[in-house]
Amino acid sequence: MGSNMAEAHPVGFQWVMEAKGRGARVFHVDPRFTRTSAVADTYVPLRAGSDIAFLGGVINYVLENDLAFHEYVAAYTNASFLVREDFADTEDLDGLFSGYDPETATYDRSSWFYEGAEPGVEDEERARSQTEPLQTGAGGAGVGGAGDVPRDPTLQDPRCVYQVLKRHFARYTPEMVERVCGTPRAQFLEVCRGWTANSNRERTTALVYSVGWTQHSVGAQYIRTGAILQLLLGNIGRPGGGVFALRGHASIQGSTDIPTLFNLLPGYLAMPDDSHADLAAWIADQRSDGHKGYGYQVDAHLVSLLKEYFGDAATPENDFGFGWLPRINGDHGTYRTVMDMIDGKVFGYVVMGQNPAVGSAHGKLQRLGLANLEWLVVRDLNEIETATFWKDSPEVETGEIVPERCRTEVFLMPAASHVEKEGTFTQTQRMLQWRTKALEPTGDRRSELWFAYHLGRLVRERLADSTDERDLPMQKLAWDYATEPGPDGPGPWDEPSADDVLRRINGYDLTTGELLSSYLPLKADGSTSAGCWIYTGVYAGGVNQAARRKPHTEQGPYDAEWGWTWPLNRRVLYNRASADPEGRPWSERKKLIWWDAERGEWTGHDVPDFPVRTPPGHVAPEGSTGPDALGGDDAFIMQADGKAWLFAPHGVLDGPLPTHYEPHESPIRNPLYTQQGNPTRVVYGRPDNPSNPAPPERGSEVFPYVLTAARLTEHHTAGGMSRQLPYLAELQPALFVEVSPELARERGLEHLGEAHVVTSRAAVQARVMVTDRMRPLRIDGRTIHQVWLPYHFGHTGLVRGDVVNDLFGVVEDPNVFIQESKVATCDVRPGPRPRGAALTALLEQVRAAAGVTVETGTRIATAIGTPHVEEDS
Amino acid sequence: MTVRKSLRAWPVLRQLTGGDRLGRGAAAQSPRHRGMAPRTAEAERVAGSVCPYCAVGCAQKVYVRDEQVVQIEGDPDSPISRGRLCPKGSASLQLVTGPQRLDKVRYRAPYATEWTELDLHEAMEMLADRVVDARARGWQDRDGRGNRLNRTTGLAALGGATLDNEENYLLKKLFTAMGAIQIENQARI
């Protein structure tokens, strides 16, 4: 679901086809019949933006028919935990959970806690503005009193999680699924039967998703729904099970682990905020009363990072330099930053290997931000739209950007390619793979390692004599990486050694100078260093484990000697759950790790994801914390209570359970609740970010169709690495829009003719592809049409086209600040779009027809209707 | 050339009389063909690499001759890809060697209508000046409540999902030490 794997990850898809060849049944649930659907056993249509209703329906099917894997659920999830008495569900409050504040559009989450837990006082606005859930990405969020939560092992208590879950999803019946998703009942039930029949001791089911799930205003809850279902069926931590997130860039996983992200430090450690006066305050904030598992070790992980950052200058006396770190206190995400550029608050911008003028939602907003900078650096292989906005963007045609009046100074710098530098990518299953350098880059082409290192060197030179306190971290920074002669020849512009950087990421025992082989020995006393604790072990035994390339023909099914998977080369996360509470594999067929009583340790085909000598029946001593507090069946060792969360008492901002909300822009009223959309979604109510109206607002009929966008095999993301290549350009030469024959008749669209797709932001021209791959759906008694476009095109390259992302506005999931760009509403009109001033006039006309104002779409609490607009709008 | 020799060179005859009855091997070869070898065989060295497009992580073999990349192929040893590449991965030779590659720094002065050239090292020095200036002008010591912020909002960075872990590490470390917090990448979209 939410993935066209055959198209976007074709080589990975060979394994799905291999499984199918061996008898696995493949379902593809998607708004469009795709290359994946074509080779699946069963294609199941649904409306874009309705996946929670669909999966909620499957969960209801499991609970109503008593099909959960009970022993698994009872032992490894929080199903038996009791929830506080004052918790109220969306079923009680018509689409809201208890604790909602319409003024701030946030929840006071204290009533979502377990019975007996004492939640501290939370600053909910702060939690939201820093995307707190993402900051707890490696460990679960803290929960008070995790050690002794009252529970009912029989799962009968009305306040236990299992019963709460049952009530929550009771109305997600096959009839409701059909009404919300447009999925015919028989097909939906076929999925339910297939999924449940294939999930037991002997069999497991895998769930695959991609950005078709994440790019929604309820994206994090989409994934939660999938996780709940897989947990109920015992499909997590077991071979052939799991929830697979297929990611779309070579090292997008790596850039999350070692984050170039505003709210994280390496290894999913929270970026300090303005409430953290010192290191002790930060540590206390990450921990909770009775905190179990490895998430408790954050002190050792952060201090080891600070030792890598500041070397000998980080001492116990100065809090290891914690005070030198900058503090966040709000939203500093990429979309907020672009709006800050428009508002004149940002002076310089460095863009590396990314093309936001095409690839980010609301391309016009991106380009207007670029046009209001003092300086811009674009580092890329090719001349991309982000670098040329000042001379050839669509706004130049409309007169909104005039080159002679655009002050932005642009440095376009050639980057080294993947074969001209060495280093690691982390692929989508957490595997680091080292690339050797094939040859030196020529001309001005340089690695980003060279760029970062020398920019740091030059800035440090300029600040070397400063006596200003703010320059101390730059002066004390450990910037002493090994270098070697590179494309500039020997001298001051030497190439930094990626190998040395990887060793420092791995970390050292500073008392012996030895490379560490595991994160377990990391200490909070300054005697160890590690740039990213989850990567510690990539240099185990002093060997670059990511560079291992033992052929798969010479090793076993888990191929443990090819590359290195974090953490500790574990291939299946939470694999303790592959064995029963007594430590025996659930079945011979699905064995992965097990307890070896003779040797007194966990063993098996994978690296055990559990304290290796903690036996299955172990009861943790009273009052213990951290790894010592893990009981023998606490399989989810990063969770504060050792259990997988069917119900999330903390850590998610928009609800402890997933709930179907309509997308921000939808042609229909939410059939389930008065509350229309996610009541905590992030809206930016500004004149330059208009929304199409959605019911109960008036005017939605101006944009009657559901719009969605995705990838083609032959192009890559914003096209910067594909539209310029002759082979790929020839294979997919033009932007097109897929519409159903019914919609083509309704709007007078001709196959292979031109049409334009219109929203309140933009009009995009594309060739028409009339195809029954797009089928109209019956939704709540109405026929709803969906249209689809690939989003790779832009105005430079061998093949060109309008920017599809221009059609979308900026509205975000509150947990992670990812934009809703997989679903919006639109109109489709025959013929080419107007150009220049006529285009501006068309957009003004459609906004007027739909009654769009700055308040449209910002009344996020439906029943109350308070608009959320920016102050100076 | 004798008649007998030229007759023997006739492919149909070779196909009918030789071992290659289907005409898909030796019978179809010309003398020029026989003297040819694949680019991969003539490579001086082969570098183990990884495809730079999506996150599946298909292994590549990069063939180099005369300090030029002459071919990029899938690595059959990989347990992930077993030697396969998709159309994008198969086109990565063009990505690396094609004429679309930028080779020199291009500079657009404020209000200019064209690119001009700029020396790489000079560009880096100019940039360091601008970073120091933007950092200082965007500096915030404390918030309205007196809490320490210790940061700048004068400059921002975007990108990382196409970069190496080591590169992201240095970028985040540098930005953090400078107090620059607005650093983001494709993982947010």
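This is a short selection-by-selection tour of a predicted model with chains A and B.

**Stop 1: the core**

Start by selecting Val161(A), Val739(A), Val757(A), Val787(A) and Cys826(A). These are the residues with the most contacts inside the largest nonpolar core, which has 301 residues. Next, colour helix H4 of chain A, residues 51-64: with nine residues, H4 supplies the largest share of this core.

Now centre on Val757(A). Which residues does Val757(A) touch, not counting those up to four places away in sequence? Show Leu707(A), Val737(A), Ala763(A), Val764(A), Ala766(A), Val787(A), Leu789(A), Leu807(A), Cys826(A) and Val828(A) to see them. Two of these, Val787(A) and Cys826(A), are also among the residues you selected at the start of this stop.

**Stop 2: where the chains meet**

Bring both chains into view. Here 127 residues of chain A are in contact with 99 residues of chain B. On the chain A side, select helix H21, residues 448-463, which gives the most to that surface, with 10 residues. If you colour the chain A side by residue class, you will find 62 nonpolar, 45 polar and 20 charged residues.

**Stop 3: a strand pair across the chains**

Select strand S9 of chain A (residues 348-352) together with strand S7 of chain B (residues 148-158). The two strands run parallel and are joined by four bridges. Click on Tyr349(A), and then on its bridge partner in S7(B), Ala156(B).

**Stop 4: Met341(A)**

Keep Tyr349(A) displayed and add Met341(A), because the two are in contact; leaving aside neighbours within four places in sequence, Met341(A) also contacts Val346(A), Gly369(A), Asn372(A) and Leu373(A). Met341(A) is found in helix H16 of chain A, residues 334-342. Is Met341(A) buried or exposed? It has 25 other C-beta atoms within 10 Å and the cut-off is 20 or more, so Met341(A) is buried. For a distance check, pick the C-alpha atoms of Met341(A) and Leu370(A): they are separated by 7.2 Å, although the residues are 29 apart along the chain.

**Stop 5: chain B, helix and domains**

Move to helix H8 of chain B, residues 165-178. All 14 of its 14 residues are buried. At 1.5 Å a residue, the 14 residues of H8(B) should span 20 Å, and the end C-alpha atoms are 20 Å apart, so the two values agree. Just after H8(B), select Gly179(B), whose phi is positive, near 85°.

Finally, colour chain B by domain: domain 1 (3-34), domain 2 (39-97) and domain 3 (106-188). The C-alpha centres of domain 1 and domain 3 of chain B lie 66 Å apart.

Notes:
Residues numbered from 1 in each chain as written. Chains lettered and ligands numbered in written order. Predicted model: local features only at pLDDT ≥ 70, side-chain atom pairs only at ≥ 80, totals over all residues. Core = buried A, V, L, I, M, F, W, Y, C linked by C-beta atoms within 7 Å. Buried ≥ 20, exposed ≤ 12 C-beta atoms within 10 Å, placed from the backbone. Contact = placed C-beta atoms within 7 Å. Nonpolar A, V, L, I, M, F, W, Y, C, P; charged D, E, K, R; others polar. Pairing = 2+ DSSP bridges. Expected span 1.5 Å × (residues − 1). Domains from an automatic or database assignment.
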